[in-house]
Structures are given as structure tokens and as C-alpha cells.
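Open the model in your viewer and keep the selection panel at hand. Each stop below says what to pick and what is there.

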Amino acid sequence: MADEMYRDFEGKRILVVGGAGFVGSNLVRLLTANVEDISVVVVDNLLSSEITNLPVTEKLEFREGSITDFRVLDGIKDEFDYIFHLACFHGNQSSIFDPIMDHDNNTITTLKLFETIKDFKKLKKVVYSSAGCSVAKKTFGDAVATTEDSGIELNQDSPYSISKIIGEFYSVYYYKQWKLPVVRARFQNVYGPGEMLGAGRWRGTYATVWRNVTPTFIYKAIHNEEIPLENEGIATRDFVFVEDICRGLMLCALKGESGDVYNIGSGKETSIAQLAEAIKRHAQSQSVIKVLPKRAWDNSGKRFASTEKSKDRLGFSARISLEEGLARTIAWTKENMSQIDQCIHKHDGHMKRLG
Ligand SMILES: NC(=O)c1ccc[n+]([C@@H]2O[C@H](COP(=O)([O-])OP(=O)(O)OC[C@H]3O[C@@H](n4cnc5c(N)ncnc54)[C@H](O)[C@@H]3O)[C@@H](O)[C@H]2O)c1
């Protein structure tokens with residue numbers, strides 16, 4: 001199946017916006033490694049990523065800049081078969097600290113990109129990376145699998161999640177009005193090799209360094225440091241390995257119906273406390289787990305995705321179990337520790353000021 005999928009990208013020209021980031025760089029690496037005849041253009045302003053994330057290959061052209069900059073947009077011509085739009089202002093906490101930066105690097109990215117490409121004739125598909133957190137029910141009671149047609153609440157937890165859902169509104173609008181062939185891929189919580197703690201520029205909060213729960217717990221577990229467990233770790237998430245997400249993105253491009261939306265997740269619910277224990281076990285760590293209060297802004301406590309539609313229509317199911325994925329991520333983290341430490345420590349001055 002995997003080989004068949006890559007064959008469909010032979011001879012194609014692809015644009016990945018936000019392609020130096022965690023998910024984007026994994027996607028670019030898989031495409032350039034598995035497709036012989038492919039040309040990939042990455043546009044990225046390196047706001048939350050490092051240039052070293054990207055593979056070195058003649059198949060790749062890197063254009064540094066913001067997708068909101070008209071000089072960058074002017075360079076995007078009607079020559080692409082597929083476009084993946086993965087740019088965002090990472091992540092929820094940074095967006096609460098600086099909603100304007102979130103707007104400038106998240107909401108408006110989608111509008112300006114779509115305005116630029118709306119008349120393109122060569123395009124087969126545009127894949128927009130949306131987020132399950134924007135549609136999940138706000139509950140700490142028992143979660144039910146979030147389906148693609150679950151209603152969207154006005155009550156959103158952060159400017160980030162507002163931006164992600166606005167991107168979906170634009171996706172639907174540009175499909176209906178301009179026949180832009182946009183498919184929305186609604187990600188669950190992605191983890192895996194390539195998520196570099198501290199990647200990119202300072203974004204105002206500790207979340208610049210401690211990006212997401214999985215890499216944070218892994219880093220602390222490897223160093224036998226205290227692992228912070230907010231709200232006793234009762235929150236649940238659907239953790240999906242980055243290679244699975246990339247496969248889901250490619251399937252959205254190849255098989256997704258324009259105008260439609262697909263959940264890309266594992267369909268499995270794991271509590272943050274279970275995640276912490278699993279990471280401790282795999283890293284053979286002596287870390288102490290420290291219970292902290294709930295984060296005030298995070299109200300979608302328990303959630304996981306329904307995967308029925310993506311399985312039926314795209315033939316997608318996550319292949320990598322949480323156990324295998326964590327083992328691979330821990331191994332990658334150990335191998336890349338000096339680079340991760342460099343990324344973390346470049347923010348030392350800012351971190352000190354936060355106290
Ligand atoms: N990682 C997850 O768990 C997750 C979950 C749901 C949705 N998503 C979505 O998937 C996409 C990729 O996420 P990620 O985890 O790789 O994040 P990331 O921060 O690693 O990648 C985002 C990339 O976008 C770039 N970028 C930011 N502003 C830009 C701009 N104005 N112009 C061009 N590039 C810009 C950043 O420098 C970075 O390389 C995002 O859209 C995110 O919202 C991710």
C-alpha cells in the first residue's frame with residue numbers, strides 16, 4: 001500500500017507551506033526519500049522550526065519567508081500538483097499570550113494562500129491541516145469519539161483553535177465559491193521524531209520550549225527530572241505517530257474528496273497519566289510524577305477521534321502503536337539530544353525573565 005501511494009506522487013511538483021516544521025519536515029523527508037522523480041518547494045519563516053529539520057536533497061527547494069508576504073506569494077505560480085498547508089503559530093499557549101502573532105501566522109496564512117491559488121488550473125488537491133481540538137466537546141466526563149460532522153462550538157479555548165477552525169471555514173468557502181480542491185485533514189495529537197523542543201523563535205511563553213506533552217515528558221524522563229502532570233493527568237488525547245499523520249495527509253491528497261474533511265488519528269484514548277507512565281517505562285526513568293492544578297484555558301479535557309470515515313473513504317488507519325511510537329521517539333530524542341539542548345538553551349534569557 002505504501003509503495004502504491006508513493007508511486008502516485010512520481011513526476012509531481014509539491015508545495016509544503018510550513019514544511020520545515022515538525023509534521024512538514026517529516027512529510028518532506030518521506031516524499032523525497034520514497035519518490036524518485038519529485039520536486040518539493042517548502043515555504044517557511046522558521047518561526048517554530050529549524051532549517052536543519054529539512055533533508056538535504058536536490059529534490060527540495062527551500063524558500064524562507066512568510067506565506068503572508070506578497071513577495072513570497074508572487075513566487076507561487078500555477079505549477080503545483082499538490083499543496084499541503086501546514087503553517088501555524090505554534091501553539092495554544094503562545095496564541096493566548098500573543099493573539100495578534102497567531103492571527104498573522106495562522107488565520108491569515110490560509111486566506112492569503114487560498115486567494116493566491118484560487119484560479120490555479122494544475123492543482124489536483126490542497127490539503128489543509130486542521131486540529132481536532134477545535135471541534136472536540138468541552139468535557140472532563142466520558143468522551144465519545146468525535147466524528148467529522150460533530151457540531152462546532154463558538155466556545156473555543158484559544159486563538160490557535162479559533163484560527164484552525166477559521167481555516168476550515170475558508171477551506172469550505174474556497175471550494176464552494178472557487179472550486180479550489182481543498183481537503184481538510186483534522187489531526188489529533190501528533191508525536192514522534194523531529195519535534196524539536198525550543199525550535200524556532202521565542203514566542204512569549206514556556207511553550208516555546210515545552211511544545212507538546214509527549215516531547216516534554218520524554219525529555220524530562222530521559223533526564224530523570226520531575227514530570228509535571230496537570231489536573232492529575234485525567235485528560236485524555238488521541239496520540240498519533242507522525243509517520244501515520246504524514247500517510248494520512250498523502251491519502252487526503254490522493255483520495256480525499258474536495259470540500260470534505262477527514263479525521264486523522266489513532267481512534268484510541270490515552271490519559272496523560274498513562275502517557276507519563278508509558279514514557280517512564282520506555283525511558284527506564286527514575287522521574288517523579290508531580291501533580292499540578294488544571295490549566296485554566298484547557299477545557300476540552302477528554303477527547304479522541306472517530307476514525308471510521310477516514311478508514312472507509314481513504315483507507316487510512318494508524319499503523320504505529322503508542323508503545324512502538326514512544327520507543328522510536330525516545331530513541332530519536334537520545335540521538336539528537338545535543339541539538340535539542342542547543343534549541344532549548346537559546347531561549348534561556350527569555351525563560352529567566354519569566355521566572
Ligand atoms: N502537532 C500536532 O499535534 C497538531 C495537531 C493538530 C493540528 N496540527 C497542525 O498541523 C500543522 C503542523 O503542525 P506542527 O506540529 O508541525 O507545527 P510546527 O510549529 O512544527 O510547524 C508549523 C510550521 O509553520 C511555520 N510557519 C509559521 N508561520 C508561518 C508563516 N507565516 N509562513 C510560513 N510558515 C510559517 C513554522 O515556522 C513551522 O515550521 C499546523 O497547522 C498545526 O496547527 C498539529
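Select Asn 231. It counts as partly exposed, because 16 C-beta neighbours lie inside 10 Å. This is a predicted model. Asn 231 sits in the loop between S8 and strand S9 (236-237). Check its backbone: phi is near 55°, a positive value in a residue other than glycine.

Most residues other than glycine have a negative phi, and most peptide bonds are trans. Three more stops concern such backbone exceptions.

Go to Lys 179, in the loop between H6 and S6. Lys 179 is not a glycine, yet its phi is positive, about 60°. Is Lys 179 buried or exposed? Lys 179 is exposed, because 12 other C-beta atoms lie within 10 Å and a residue with 12 or fewer counts as exposed.

Now pick Asn 224, which follows H7. Its phi is positive too, near 55°.

Then select His 90 and Gly 91 together. The peptide bond joining them is cis, with omega about -10°. Gly 91 belongs to the loop between S4 and helix H4 (92-97).

Stay with His 90 and bring up the ligand. His 90 is among the closest residues to the ligand, along with Gly 18, Gly 21, Ser 48 and Ser 49. In total, 31 residues surround the ligand. Elements that give two or more residues to this shell include helix H2 (22-34), strand S2 (38-44) and helix H5 (99-117). Strand S5 (125-131) and strand S7 (189-191) are also among them. Which element gives the largest share of the shell? H2 does, with three residues. Colour the shell by class: 15 residues are nonpolar, 14 polar and two charged.

Next, Ala 20. Find it in the loop between strand S1 (12-17) and H2. Ala 20 is buried because it has 27 C-beta neighbours inside 10 Å, and 20 are enough to count as buried. Leaving out residues up to four places away in sequence, Ala 20 touches Ser 25, Val 42, Asp 44, Leu 46, Ser 49, Ile 51, Asn 53 and Leu 54. Draw a C-alpha to C-alpha distance from Ala 20 to Leu 86: they are 66 residues apart in sequence but 9.4 Å apart in space.

Leu 86 is also in contact with Val 16. Select Val 16. Beyond its neighbours within four places in sequence, its other contacts are Gly 24, Leu 27, Val 28, Val 40, Val 42 and Phe 84. Val 16 and Leu 249 have the most contacts inside the largest nonpolar core, which has 82 residues. Helix H8 (residues 242-255) gives the largest share of this core, eight residues.

Move to S5. Seven of its seven residues are buried, so S5 is largely enclosed by the rest of the structure. Lys 125, Val 127, Ser 129 and Ala 131 point one way; Val 126, Tyr 128 and Ser 130 point the other way. S5 pairs in the parallel sense with strand S4 (residues 82-85) over four bridges. Look there for Tyr 82 opposite Lys 125. S5 also pairs in the parallel sense with strand S6 (residues 182-187), over six bridges. Here Ser 129 stands opposite Ala 185. Add helix H6 (residues 159-178): S5, H6 and S6 make a right-handed β-α-β unit.

Last stop: helix H7 (residues 213-222). H7 is mostly covered, with eight of its ten residues buried. Among the buried ones are Phe 217, Ile 218, Tyr 219 and Lys 220. The buried residues of H7 pack against S7, strand S8 (227-230), strand S10 (239-241), helix H9 (272-283) and helix H11 (322-335).

How values were computed
Residues are numbered from 1 along each chain as its sequence is written. This is a predicted model: local features need pLDDT of at least 70, side-chain atom pairs count only at pLDDT 80 or more; totals for chains, interfaces and linings use all residues. A residue is near a molecule or strand if its C-beta atom, placed from the backbone, lies within 6 Å of it. Ala, Val, Leu, Ile, Met, Phe, Trp, Tyr, Cys and Pro count as nonpolar, Asp, Glu, Lys and Arg as charged, and the others, Gly among them, as polar. A nonpolar core is a set of buried Ala, Val, Leu, Ile, Met, Phe, Trp, Tyr and Cys residues joined through C-beta atoms within 7 Å. Two residues are in contact if their C-beta atoms, placed from the backbone, lie within 7 Å. Two strands pair if DSSP finds at least two bridges between them. A crossover is right-handed if, with the strands pointing away from the viewer, the path from the first strand over the helix to the second runs clockwise.
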